[in-house]
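Welcome! Take a moment to look over the sequence and the 3D view, and then we can walk through some of the features together.

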Amino acid sequence: MTGRVYKSTGSWYTVKTELGQTYECRIKGKFRLKDIKSTNPIAVGDFVEFELDTKSDQETGVINKIHDRQNYIVRKSVNLSKQTHIIASNIDQVFLLVTIDNPPTFTSFIDRFLVTAEAYDIKAILLFNKIDTYDNDTLDEVRYLAHVYRQIGYECIGISAITGKNIDKVKSLMEGKVSMFTGHSGVGKSTLVNAIEPSLDLKTKEISMQHMQGQHTTTFAEMFDLSFDAKIIDTPGIKGFGVVDMEKEEISDYFPEFFKLKQDCKFNNCLHIEEPKCAVKEALENDEIAASRYRSYVQIIEGDEEHYRTDNWNQE
Ligand SMILES: Nc1nc2c(ncn2[C@@H]2O[C@H](COP(=O)(O)OP(=O)(O)OP(=O)(O)O)[C@@H](O)[C@H]2O)c(=O)[nH]1
Ligand SMILES: [Zn+2]
């Protein structure tokens, strides 16, 4: 039978068939995946083949095949260096919640997120939340940022998880798809998910607090079916959106507006930093590329993590 993994607790996987039946499944014997050094062979979101285990009293299943993944997000495993933990797979889109203040979301953070989404090959959408609280200047800032990111090709929506403004738009984007939500603590992720599906009580907060208190709770991603043909993957206790190792040379490929210009740079291995006749820098000088995007790019290239975290320059 074919099914999809909704939950994993280490040795057992909750698998749901197309008909909506769920089975607790195990993996039989050694299960290796080529090319991925992973601590877990099967992740939430995976499509798998399984057989019912007739020997046991309860109806359980044995997974014997995993379908190729469209994409997947990973976390570095704490103990085993070079090994990664696959958090979830086959994700159609990820929504980044952005607030201008309370808490502030800087463009450096947005751009890091977008680079990661590009590297993972997952569609990213920006949701500017709490617009019910903004004065005119702050709304101008939202409009400016939305303009910058729309120009690059990212969908941007101003929303309020409290008043319900544009929640219908978010819901219609979610139809027929698997979505994730991310953003700084306090941007309104729980409030938004609650506005989208009031009956769904995600455990995000509870579990991440246990996590912080140092209890040995291992947290796992989980997929939920919503009432309107949409799925959400919740990743309790997992900060951010995973990590991708990138070579310096490939970073600009994940800035779509830079990538488009790359062929016009004099050097085909141009890093768009010091090189002469660089199409990206020319575009920057002509205001065809946002200065904040270029700054984010340079920060990532320099790998200046400390600077990135403490950075609080204003978005223009
Ligand atoms: N005015 C207003 N307040 C909001 C909105 N969305 C969320 N909030 C408030 O912002 C605070 C944080 O919201 P949460 O939904 O808990 O934020 P979160 O992103 O889930 O936070 P973490 O669980 O820490 O990651 C709460 O007090 C919410 O009521 C909004 O659209 N407008
Ligand atoms: Zn260049």
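Helices here are DSSP runs of at least four residues, numbered from the N terminus. With that in mind, please also remember that this is a predicted model.

## Around ligand 1

A good place to begin is the ligand. Ligand 1 is surrounded by 17 residues. Ser185, Gly188, Lys189, Ser190 and Thr191 are the closest of these.

Which helix gives the most to this shell? That is H4, with 3 residues. H4 covers residues 189–196, and helix H5 (204–212) also supplies at least two residues of the shell. By character, the shell residues divide into 10 polar, 4 charged and 3 nonpolar.

## Helix H9 and its buried face

Next, follow the chain to helix H9, which takes in residues 291–302. This helix has 12 residues, and from its first C-alpha to its last it reaches 16 Å. That is close to the 16 Å expected at 1.5 Å a residue.

Five names are worth finding in H9: Ser292, Arg293, Ser296, Tyr297 and Ile300 are buried. Seen down the helix axis, the buried residues of H9 fall within an arc of 140°, so they line one face of the helix. What do they pack against? Their partners are helix H1 (107–120), helix H6 (248–251) and helix H7 (256–259). Just after H9 comes Gly303, with a positive phi of about 60°.

## Strands E2, E3 and E5

Now turn to the strands. E2 (residues 13–17) and E3 (residues 22–27) pair in the antiparallel sense, with 4 bridges. Lys16 stands opposite Thr22 of E3. The two strands, E2 and E3, make a hairpin with 4 residues between them. In the turn of that hairpin, Gly20 has a positive phi of about 90°.

E3 is also joined to strand E5 (residues 60–66) by 4 bridges, and E3 and E5 run parallel. If you would like a pair to look for, Arg26 has Val62 in E5 as its bridge partner. As a general point, side chains in a regular strand alternate between the two faces of the sheet.

## The loop between H7 and H8

Two residues to visit here are Asn268 and Lys277. Asn268 sits in the loop between H7 and helix H8 (279–285). Is Asn268 buried or exposed? Asn268 is exposed, because 7 other C-beta atoms lie within 10 Å, and a residue counts as exposed if there are 12 or fewer. The C-alpha atom of Asn268 is separated by 9.9 Å from that of Cys278, and these two residues are 10 residues apart along the chain.

Lys277 is in the loop between H7 and H8. Its phi is near 50°, a positive value in a residue other than glycine. Lys277 is exposed, with 11 other C-beta atoms within 10 Å.

## Two more backbone details

Asp287 lies in the loop between H8 and H9. The phi of Asp287 is near 60°, which is positive in a residue other than glycine. Asp287 is exposed, with 8 other C-beta atoms within 10 Å.

Finally, where does Pro103 lie? Pro103 is in the loop between strand E8 (93–98) and H1. The peptide bond that joins Asn102 and Pro103 is cis, with omega about -10°.

Notes
Residues are numbered from 1 along each chain as its sequence is written. Chains are lettered from A and ligands numbered from 1 in the order in which they are written. This is a predicted model: local features need pLDDT of at least 70, side-chain atom pairs count only at pLDDT 80 or more; totals for chains, interfaces and linings use all residues. A residue is near a molecule or strand if its C-beta atom, placed from the backbone, lies within 6 Å of it. Ala, Val, Leu, Ile, Met, Phe, Trp, Tyr, Cys and Pro count as nonpolar, Asp, Glu, Lys and Arg as charged, and the others, Gly among them, as polar. The expected span of a helix is 1.5 Å times one less than its number of residues. A residue is buried if 20 or more other C-beta atoms lie within 10 Å of its own, exposed if 12 or fewer, and partly exposed in between; C-beta atoms are placed from the backbone. The arc is that of the directions from the helix axis to the C-beta atoms. Two residues are in contact if their C-beta atoms, placed from the backbone, lie within 7 Å. Two strands pair if DSSP finds at least two bridges between them.
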